[in-house]
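Q: Can we walk through a structure together? I would like to learn how to read its backbone, its ligand site and its empty space.

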Amino acid sequence: MKVFNTLSKRKEEFVPIEEGKVKMYVCGPTVYNYIHIGNARPMIVFDTVRRYFEYKGYDVNFVSNFTDVDDKIIKKAIEEGVTAEEIAKRYIEECKKDMAGMNVKPATTHPLATEEIGGMIEMIGKLIADGYAYEKNGTVYFRTRKFDEYGKLSHKNLDDLQSGGRSLLVTGEDEKEDSLDFVLWKPKKEGEPAWESPWSDGRPGWHIECSVMSKKYLGDQIDIHAGGEDLVFPHHENEIAQSEAANGKEFSKYWMHNAFLNIDNRKMSKSLGNFFTVREISEQYDLQVLRFFMLSAHYRSPLNFSADLMEASKNGLERIITAVANLKHLMGATTADVMTEEEKLVFEKTNEFVENFEKAMEDDFNTADAISSVFELVKYANTTANGESSKEYLEGLLNLIVKLADVLGLIVEKEEELLAEDIEKLIEERQAARKEKNFQRADEIRNELLEKGIILEDTREGVKWRKA
Ligand code: AMP
Ligand code: ZN
């Protein structure tokens, strides 16, 4: 499997640190608002990377944080007259709803920065003790030049950075030894959330949280660290400096970065005001369509959001859903059960589509080509399945389409909605079963309905049902 590594700027063969396991950390959102569709891109892309590793049999430990203390969160809290904690909690919940809608799996662990302050204080203390950091008036800075390999991820030269850095000096930071040094800990300002530390009552800088949470949940060395390309510098460069200085080991073997999602061919950003939240998109489209749209381009190519592309994605997704529904319909109607010898040969040809799908995914997760392979398979199903096909053949095709779509996180099997009359019939059957004291059958029916989201209530006026 080939993975493009930002460190080497090349596609490299993926070799896990521990056989059969992948340790992966993805920088998560800062939670002060609903997530926008740009934030959704890394979520969908790296969830798909995870799903492909799992499909290949790897055990994936996937960690993704929520940054729940930050200037923007504090600003929003002041505007609303509530605590920063309340803002963060609210938007973490909302973010999780959006993730579920996009079929992004919950991470193995979703750590929160505010719950890991002790670990951050410990790592900062170690960096000071080893000469990689220093304190000035309650602020702790990382001594950037002390870390020889600084710049290796972003391929930046320290002297170029230095000349750029001088003009960018933030007021109050002129106490730094060097303009390249960055903040690990800062003292609180009036009204800000703060924690006790040996240097001042204050809070951590942004970069230190990921170094600490990655270490705690995945260990000193991980396989993949990922995020949007804007994080390469300074965030990930600084994470490398902190982690490698503190742990004395290479931090992550592979660094993956998704390109940006643009809108009207311009960078989408909160400051320009030209963004859509995932929630807004969900009012117009099933979020599966958004997922399909994101995967229709390679993750390292910029992607432009447009109504046309969303419509095309909707049609593409529907093509797969319709094929699956058709196979189901045929399965219900056919009288032939097992595959004939001839069908077996026809079915064997589907291997080709699976191979192409895997080849695309193994080439640095080329989801656009992987989708094309699913379309080829759908076309093959549409032309070879008919009223005479056996149930086994139809089921084989159906399972294959569903399985490949699932690697991409696309749900293509629509749950059949139970009609009210079917529900009533089952309730009647259950009542009859109870009369005959066949409680096993009665329970079976109750559970069957429950699985389909129908709850039965036995009342004095008889059995009532409602949707869960
Ligand atoms: P933030 O909340 O700004 O820290 O962003 C969370 C994640 O979303 C990071 O991995 C960013 O790189 C990514 N991100 C933000 N905006 C975009 C965008 N327009 N396109 C793609 N990724 C983005
Ligand atoms: Zn991070």
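Q: Where is Asp264 placed?
A: This is a predicted model, so local features are read only where pLDDT is at least 70. Asp264 sits in the loop between strand E11 (261-263) and strand E12 (266-267).

Q: What is the sign of phi at Asp264?
A: Start with the general idea. Most residues other than glycine have a negative phi. Now the case here. Asp264 is not a glycine, yet its phi is positive, at about 50°.

Q: Is the peptide bond from Phe233 to Pro234 cis or trans?
A: Generally, most peptide bonds are trans. The one from Phe233 to Pro234 is cis, and its omega is near 0°. Pro234 belongs to helix H7, residues 232-247.

Q: Next, the ligand. Which residues come nearest to ligand 1?
A: Begin with the shell, counted within 4 Å. There are 15 residues around ligand 1, and the nearest are Thr30, Gly38, Gly228, Asp230 and Leu261. By class, seven are nonpolar, seven are polar and one is charged.

Q: Which elements each supply at least two residues of that shell around ligand 1?
A: Helix H1 (37-55) and strand E9 (222-228) do. H1 gives the most, with three residues.

Q: How do I read the polar atom pairs? What does Asp230 offer ligand 1?
A: Look for N or O atoms within 3.5 Å of each other. A polar side-chain atom of Asp230 lies 2.4 Å from an oxygen atom of ligand 1. Asn258 also uses a polar side-chain atom, 3.4 Å from a nitrogen atom of the ligand. Gly38 uses its backbone: a polar atom there is 3.1 Å from a nitrogen atom of ligand 1.

Q: How much of ligand 1 does the protein bury?
A: Taken alone, ligand 1 exposes 490 Å². The protein buries 89% of that.

Q: Now the empty space. How is it found, and which space does ligand 1 take?
A: The idea is simple. Rolling a probe the size of a water molecule over the atoms shows where empty space is left. Here, ligand 1 takes the space of the largest pocket.

Q: What is the volume of the largest pocket, and which lining residues are closest to its centre?
A: The volume is about 1,200 Å³. The lining has 50 residues, and Pro29, Thr30, Asn39, Asp230 and Leu231 are the closest to the centre. The classes are 21 nonpolar, 16 polar and 13 charged.

Q: Which element has the largest share of the lining of the largest pocket?
A: H1 does, with eight residues. Elements that each supply at least two residues include strand E4 (59-64), helix H2 (71-80), strand E8 (202-204) and helix H6 (206-218). E9 and H7 are also among them.

Q: How many cavities of 30 Å³ or more does a search of the whole structure find?
A: A cavity is closed: the probe fits but cannot get out. The search finds one of 30 Å³ or more. About 40 Å³ of space lies in the largest cavity.

Q: Which residues line the largest cavity?
A: Val45, Met294, Leu295, Ala297, Tyr299, Phe365 and Thr367 line it. Six of the lining residues are nonpolar, one is polar and none is charged.

Conventions:
Residues numbered from 1 in each chain as written. Chains lettered and ligands numbered in written order. Predicted model: local features only at pLDDT ≥ 70, side-chain atom pairs only at ≥ 80, totals over all residues. Heavy atoms only, no water. 1 Å grid on protein atoms, 1.4 Å probe; cavity = no way out; pocket = protein on both sides within 12 Å on 5 of 7 lines; lining within 4 Å. Points joined across faces, edges and corners; volume = space filled by probe spheres on them. Nonpolar A, V, L, I, M, F, W, Y, C, P; charged D, E, K, R; others polar. Polar contact = N/O pair within 3.5 Å; in protein donor to acceptor, adjacent residues only side chain to side chain. Areas by Shrake-Rupley, 256 points an atom, 1.4 Å probe, with all protein chains shown as cover. Sits in = over half its atoms within 2 Å of the grid points. Helix = DSSP H or I, 4+ residues; strand = E, 2+ residues; numbered from the N terminus.
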